[in-house]
Amino acid sequence: LQSDWSFAVVTTGGYSSTQVDAAVGDSLALNVDGFTATGQQAYSFGYPAASPYNGKDLTYCAGALTTDSGTSNTTWGLSCTMTGGSSGGPWVSNYNSSTGKGDASGLNSYGYNGVSVMYGPKFNANTTTAYTKATTITLGTNARA
């Protein structure tokens, strides 16, 4: 739970030989220091699939960060009713609703039955190491952070 992140390298040569972010729109910059304390404003995005959602519509939650006492407060919490299918969706810090821009500072990871809170890992130096390895890897090799 505390290390529930990964990064994938996608090369050009797909749709119209463009990079993914060029084909689908702006990407989010990684900001591991975007969330530092409870009470900060966070936005969580995802495509929840379990009822009442259908997995096809982008959904978001916004609110103040909490932590999960079940993990000794090593993961973030955010009041949210998103269901399964939203896992991996970004938690955005410094979000500007008029421009749709912000920084990726966490992600949807898990929840508890009967509790309307989404939880996710606290990004840290290990997240940065994994990201750096992904962005500097020699294609055709395997790397683990």
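Which element supplies the largest share of the lining of the largest pocket? In this predicted model, the answer is α2, with four residues. Before going further into that pocket, here is the chain as a whole.

The chain has two helices and eight strands. Read from the N terminus, the order is α-β-β-β-β-β-β-β-β-α, so to speak a run of strands with a helix at either end. Of the 145 residues in the chain, 31% are buried. About 8,600 Å² of the chain is exposed, and 48% of that area is supplied by carbon and sulfur atoms. As for contacts with a separation of 6 or more, 56% of them link residues that sit 24 or more positions apart.

Now back to the pocket. Rolling a probe the size of a water molecule over the atoms shows where empty space is left. The largest pocket holds about 1,000 Å³ of space. It is lined by 28 residues, and those closest to its centre are Phe7, Ala8, Ser27, Leu28 and Tyr131. Helix α2 (125-136) isn't alone in building the lining: α1 (20-24), β1 (29-30) and β7 (101-107) also give at least two residues each. Sorted by character, the lining comes out as 18 nonpolar, eight polar and two charged residues.

Two residues in the strands make a handy pair to look at. Ser44 belongs to strand β2, which covers residues 41-46. With a relative accessible area of 0%, Ser44 counts as buried because that value is under 20%. The side chain of Ser44 has polar company, too: it makes a polar contact with the side chain of Asn108 at 2.5 Å, and another with the side chain of Trp91 at 3.4 Å. Leaving aside neighbours within four places in sequence, Ser44 is in contact with Thr59, Tyr60, Cys61, Leu78, Met82, Pro90, Trp91 and Asn108.

Ala64 sits in strand β3, which spans residues 59-64. Is Ala64 buried, exposed or partly exposed? Its relative accessible area is 42%, so Ala64 is partly exposed, falling between the 20% and 50% cut-offs. With neighbours within four places in sequence again set aside, Ala64 is in contact with Gly39, Gln40, Gln41, Gly77 and Leu78. Ala64 and Thr38 are 26 residues apart in sequence, yet their C-alpha atoms are 7.0 Å apart in space. Leu78 turns up in the contact lists of both Ser44 and Ala64.

Technical notes. Residues are numbered from 1 along each chain as its sequence is written. This is a predicted model: local features need pLDDT of at least 70, side-chain atom pairs count only at pLDDT 80 or more; totals for chains, interfaces and linings use all residues. Side-chain values use heavy atoms; hydrogens and water are left out. Buried means under 20% relative accessible area, exposed over 50%, partly exposed in between (1.4 Å probe, protein chains only). Contact means heavy atoms within 4.5 Å. Accessible areas come from the Shrake-Rupley method with a 1.4 Å probe; for residues, only the protein chains shown count as cover. A polar contact is a pair of N or O atoms within 3.5 Å; within protein, one must be able to donate a hydrogen and the other to accept it, and residues adjacent in sequence count only if both atoms are side-chain atoms. On a 1 Å grid over the protein atoms alone, a cavity is a set of points where a 1.4 Å probe fits but cannot get out, and a pocket is an open set with protein on both sides within 12 Å along at least five of seven lines; lining residues have an atom within 4 Å of a point. Grid points are joined across faces, edges and corners, and a volume is the space filled by probe spheres set on the points. Ala, Val, Leu, Ile, Met, Phe, Trp, Tyr, Cys and Pro count as nonpolar, Asp, Glu, Lys and Arg as charged, and the others, Gly among them, as polar.
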